[in-house]
Amino acid sequence: MNDPIQLIDVKAHQARIGDEIRNNIAAVVDHGKWIMGPEVAQFETAMEEFIGVEGVTALGCANGTDALVMAMQALGLPHGSAVICPSFTFVATAEAVATLGGVPVFADVESHGFNICPDSVRQAIKVAQTEGLDIVGICAVDLFGAPAQYGELETIAQEHGLWLLSDAAQGFGGESKGVRVGGHAQMSTTSFFPAKPLGCYGDGGAVFVKDPEHAATLRSLRVHGKGSEKYDNVRIGQNSRLDTLQAAILLPKLKIFAEELDARDRVAARYGEGLAGAVQTPTIVDGDRSAWAQYTIVTENREGIKAALDENQIGNAIYYPKPAHQQTGYAQWHQSDIDLSRTEWLTSRVLSLPMHPYLTDAQIDRVCEVVHGAA
Ligand SMILES: Cc1ncc(COP(=O)(O)O)c(C=O)c1O
């Protein structure tokens with residue numbers, strides 16, 4: 001029997017930088033500045049350099065969900081107002097809108113790819129307007145790591161006077177039209193959940209922001225809405241700081257991130273060749289680059305392929321078996337006049353295969369062989 005292949009090996013990088021991470025953790029244990037210690041600012045600066053877009057400020061926070069909530073709060077989401085977002089996403093996107101008392105209006109995905117479709121956004125805006133909703137923004141998601149179509153979405157946002165937020169929890173590391181994710185839209189958010197392309201050893205997140213005033217608001221929001229000092233509270237915020245320990249772990253991980261992204265590209269390319277003819281493999285828009293948070297295939301025989309992978313101890317997962325508009329907590333916001341058929345079609349056919357930078361060619365080939373055998 002072959003060795004099991006994990007869906008995501010969150011520890012494989014330790015063979016390269018485990019010692020540096022342990023030293024960094026020991027340094028934090030020793031210096032004792034566990035809340036907003038020096039590593040947090042160092043990591044924020046390193047992320048800004050990584051994105052490489054003039055004027056982008058990176059602000060760490062406790063997780064990708066808080067990042068979304070705070071970003072929407074800073075951009076402006078009055079109670080009862082609406083935000084267009086994809087239904088095919090991890091629920092945190094819509095959850096952030098609902099947490100602030102807003103109305104998520106679900107749009108469909110593109111015909112080729114997994115991201116929000118600009119035409120569907122236009123339809124969703126029309127339907128929401130007919131319903132008398134006050135639409136304030138669009139939140140796009142870089143699903144599975146591929147950047148959303150920010151150029152077109154930006155145009156729609158401008159036409160309608162809406163803000164555009166990028167939920168790049170899965171997309172950080174990706175690139176579109178020569179600009180790294182984090183440099184698109186007015187604001188972007190990400191997650192350092194361990195399974196993400198840049199994962200920490202617990203929870204973590206960040207907001208990337210272009211407007212200095214928004215940056216100042218976010219600095220306040222993440223520390224209980226502080227004003228000139230900690231016990232001056234000028235707005236309702238929350239406790240959402242990136243742990244010093246997590247920043248210390250992320251610093252060496254960010255140093256090798258570009259190489260890891262190249263390795264993810266290598267894995268995706270080999271899957272692309274190896275799976276041709278058996279299943280539908282992901283397509284990335286010309287000139288764009290995915291962070292390959294997931295390698296997700298589309299197949300009519302999901303049950304059979306899944307069973308074969310399970311039998312061969314090959315990690316796999318269904319992201320996501322139920323779209324947001326069909327979730328019990330969210331179905332109340334489903335607008336039946338918005339066509340979500342592509343989202344529904346995909347949720348019964350997608351299957352994610354092992355994806356991480358340390359997969360060997362032999363492991364990738366074995367996954368392909370098993371998929372071919374069952375397809
Ligand atoms: C698309 C998307 N948005 C938001 C989040 C929330 O991030 P976190 O788990 O760090 O709160 C995730 C993470 O799972 C995600 O995949």
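This report walks through the ligand shell, two helix pairs and one loop residue of a predicted model.

**Around the ligand**

Let's start with the ligand, which has 15 residues around it. Gly64, Thr65, Ala92, Ala169 and Ser191 come nearest. Sorted by class, the shell holds eight polar, five nonpolar and two charged residues. Two helices each supply at least two residues of this shell: H3 (64-75) and H4 (92-99).

**Two helix pairs**

H3 and H4 also pack against each other, and you can compare their geometry with that of H5 and H6 here:

| Helix pair | Angle | Axis separation | Crossing |
|---|---|---|---|
| H3 and H4 | about 45 degrees | 9 Å | right-handed |
| H5 and H6 | about 20 degrees | 10 Å | right-handed |

For the pair beside the ligand, the angle between H3 and H4 is about 45 degrees. H3 is therefore oblique to H4. On the H3 side, the contact is made by Gly64, Thr65, Leu68, Val69 and Met72. H4 brings Ala92, Thr93, Glu95, Ala96, Val97 and Thr99 to the contact. By class, the residues of this contact are six nonpolar, four polar and one charged. Gly64, Thr65 and Ala92 take part in this helix contact, and they are also among the residues that come nearest to the ligand.

The other pair joins H5 (residues 118-130) and H6 (residues 150-160), whose axes are 10 Å apart. With an angle of about 20 degrees between them, these helices count as roughly parallel, because the cut-off for that label is an angle under 35 degrees. From H5, Pro118, Val121, Arg122 and Ile125 make the contact. Their partners on H6 are Glu152, Leu153, Ile156 and His160. This contact of H5 with H6 has five nonpolar residues, one polar residue and two charged residues.

**A residue between two helices**

Our last stop is Ile256, which sits in the loop between helix H8 (244-255) and helix H9 (257-274). Is Ile256 exposed, partly exposed or buried? Ile256 counts as partly exposed, because 16 C-beta neighbours lie inside 10 Å. Which residues does Ile256 contact, leaving aside its neighbours within four places in sequence? They are His13, Arg16 and Ile17.

If you would like a distance to check in your viewer, try Ile256 and Gly373: their C-alpha atoms are 36 Å apart in space. Along the sequence, Ile256 and Gly373 are 117 residues apart.

How values were computed. Residues numbered from 1 in each chain as written. Predicted model: local features only at pLDDT ≥ 70, side-chain atom pairs only at ≥ 80, totals over all residues. Helix = DSSP H or I, 4+ residues; strand = E, 2+ residues; numbered from the N terminus. Buried ≥ 20, exposed ≤ 12 C-beta atoms within 10 Å, placed from the backbone. Contact = placed C-beta atoms within 7 Å. Near = placed C-beta within 6 Å. Nonpolar A, V, L, I, M, F, W, Y, C, P; charged D, E, K, R; others polar. Axes fitted to C-alpha atoms, helices over the stretch in contact; angles between N-to-C directions. Parallel < 35°, antiparallel > 145°, perpendicular 65-115°, else oblique. Left-handed = near helix turned anticlockwise from the far one by under 90°.
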